[in-house]
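Trainee: Could we go through this one together? I'd like to practise reading side chains and their partners.

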Amino acid sequence: MAVQLELLQSSKPYADRRSFGEFGEYAIAEFEIRYAVDPQHVANSRITDLDKAPLMSDESVHFKGNARLVFPKNSTPSCLLVDVPNRGRPTAFSFNRPAPTELQTTSSPAGDGFLFRHGFAVLTVGWQFDAEGMSLEVPEALESNEPIAGEAICQMQPNRDTTSLLVGQGGVFTYQPSGKGRLFQRANTQAPYVEVDDDSWRFGRAHDGRFDPTTKYISKDGGFSKGVVYTLVYETLGAPIVGLGLLALRDAAAFFKYDFDWPEDRPPFTIGYGASQTGRVLRHFLYEGLNDDEAQRQVFDAVIPHIAGGQRGDFNHRFAQPGSMGIPATGQQFPFAATSTTDHLSGRREGLLDRCANPPKVLSTNTSWEYWRGDAALIHVSTDGERDVPPTESERIYMFAGTHHINGILPLTDRFALTGEQLPYPLNTISYTPLLRAVLINALAWLQDGIEPPDSRYPQLSDHSLVGRDEVVDQFSQSPRFQCLPNADNLPGLWHTDLGDEIENGVCRHPARLLSRYPRLVSNVDESLNEVAGIRLPEIAVPIGVHSGWNPRHPTHGASDQTAAFAGFSVFDGVACIPESRDSCYDHVVRLTDELVDLRYVLAEDRELVIDNAMKRYDAAQSTLTATHQE
């Protein structure tokens, strides 16, 4: 391993020279990092196609990316927090609860200063080769000095009838088509693939009465129908070595942990944090055994894969698209749990940490949405769905009850800003930020002082708090308020798949043959229709309304028997579970919050925040009920 660091410009004062408690002022610096790795080294042996990379004069593979460091100017950091950016965008600064106005002016917001009052230095590392912003430049694999040909895959489910669809995942056009492909359609991701007649579709975009023969889009006779799932498999030429992104994370984190010239002493610990896509990156990082660098130095002391569920992702196979979501490939395969288990379908015995010589402490956090996606329960359930799988001694698993993927905010809205999608029920309002902040500080205390975090909290089979999705949907169907409901059989989940004979070499055959379903389990609900398991904030435990991690697709967008991406709901009208008296509600909220503080699921410093959040939801509920009665 070799890392060369270039400071792109002199470090600058951070947050207008604001002082953050005992750690004082911070600075911010931008870097370019040049990496060199030995393709023959055992520490790099899991990276697909690294043996096909062009070599430089030192017999190593070179690549480069960017990084950003926010650090205390005149004191030793308590910890290095490695922020794994999601599609080029930093994630860790959400711990600071930045205001929307601040987010419009910086990607590294100070917010309420939470991270910096606790002394964290934050390192954001570019790792994704096809991202904008924080990113990575990687070489292509070659065979006989020629680019490699193969097949790429993308999946689209339009929210409106349209004449053309973008070729790519997450709005990113990654691989240039070099020939014809195969197009499939199906009603949902659980239905069989049905191939579309080859003569009825083509590359190109129909727009404003014209046809542009671009390879970035596909068009079809009669157009594409809203709610239908379309899968395109197409020929492409040129295979970037996608897995180098994992090595960039490893080597950048190790360099700043052990070799960087800090203003004072180096931070004593390193924690990796990723959310959603990059929570899955951290799970993949551990699966590939990358928590030790080429010098056998431990990289992360702890990792927090947030809202990753039970998946890894498209981060280390040929023609992988890191922005892909829900397409069966290497990152959707067994194992799912950190604990070694036997897969009843393949017969393999394996755990997520098996290849780690020096595994970190792992604190996995998920919302209800990742359970309803069909995979989060697999991190603590056997693959046949028949028994609970306990966490390892160095692991904690937390579900944030009644929350959804993107965190909740007020005011109430049924329009999802991220996608522009309309939902049949208002978006979930519960903010889980206080719970996540406690997880981070508990992780730090675990490393600093050996104080173990509070017990894991998640739904389990043993007490019937973990059940099938159909059981919960049936309970909602008993309420007249919930007339728009998904069909549990049509919701996503993980499959035991056949990806072809070359899968062990990181080469997938697309589309995968779907052989058998893994169990898709969620938290049970109580008589108020709120979830019984996980860490329950006061809005859930009082309760103040009904809150879920799922929200059906709106009929105007098609496929209303399925759930919308990332979204849950908060419903205050038409339900009988909101306290009539504000004073009584406040008393319950205070008591429940103090219990969470005593148990260390909430920090003492966030006590008033949790209480205020709950009472704002109570006021929103009363406002909604008043408006409903006036109609």
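Trainee: Is Asp-293 buried or exposed by its relative accessibility?

Mentor: Happy to start there, keeping in mind that this is a predicted model. The cut-off for buried is under 20% relative accessible area. Asp-293 comes out at 2%, so it counts as buried.

Trainee: Which residue forms a salt bridge with Asp-293?

Mentor: Look for a side chain whose nitrogen comes within 4 Å of a carboxyl oxygen. Here the closest N and O atoms are 2.9 Å apart. The partner is partly exposed, with a relative accessible area of 21%. That partner is Arg-297.

Trainee: Asp-619 forms a salt bridge with Arg-582. How many residues apart in sequence are the parts that this pair ties together?

Mentor: The closest N and O atoms of the pair are 2.9 Å apart. Asp-619 lies in helix α10 (residues 607-630) and Arg-582 in helix α9 (residues 582-598), so the parts tied together are separated in sequence by 37 residues.

Trainee: Which residues are joined into one network by salt bridges that share partners?

Mentor: One link to look at is the salt bridge between the side chains of Arg-97 and Asp-112, at 3.7 Å from N to O. Arg-97 sits in the loop between β5 and α1, and Asp-112 in the loop between α1 and α2. The full network is Arg-97, Asp-112, Arg-437 and Asp-606.

Trainee: Why are the buried residues of α7 on the same side of that helix?

Mentor: Those residues are Arg-469, Val-472, Val-473 and Phe-476. They share a side because the arc they cover around the axis is only 100°.

Notes
Residues numbered from 1 in each chain as written. Predicted model: local features only at pLDDT ≥ 70, side-chain atom pairs only at ≥ 80, totals over all residues. Heavy atoms only, no water. Buried < 20%, exposed > 50% of the residue type's maximum accessible area, 1.4 Å probe, protein only. Helix = DSSP H or I, 4+ residues; strand = E, 2+ residues; numbered from the N terminus. Arc of directions from axis to C-beta.
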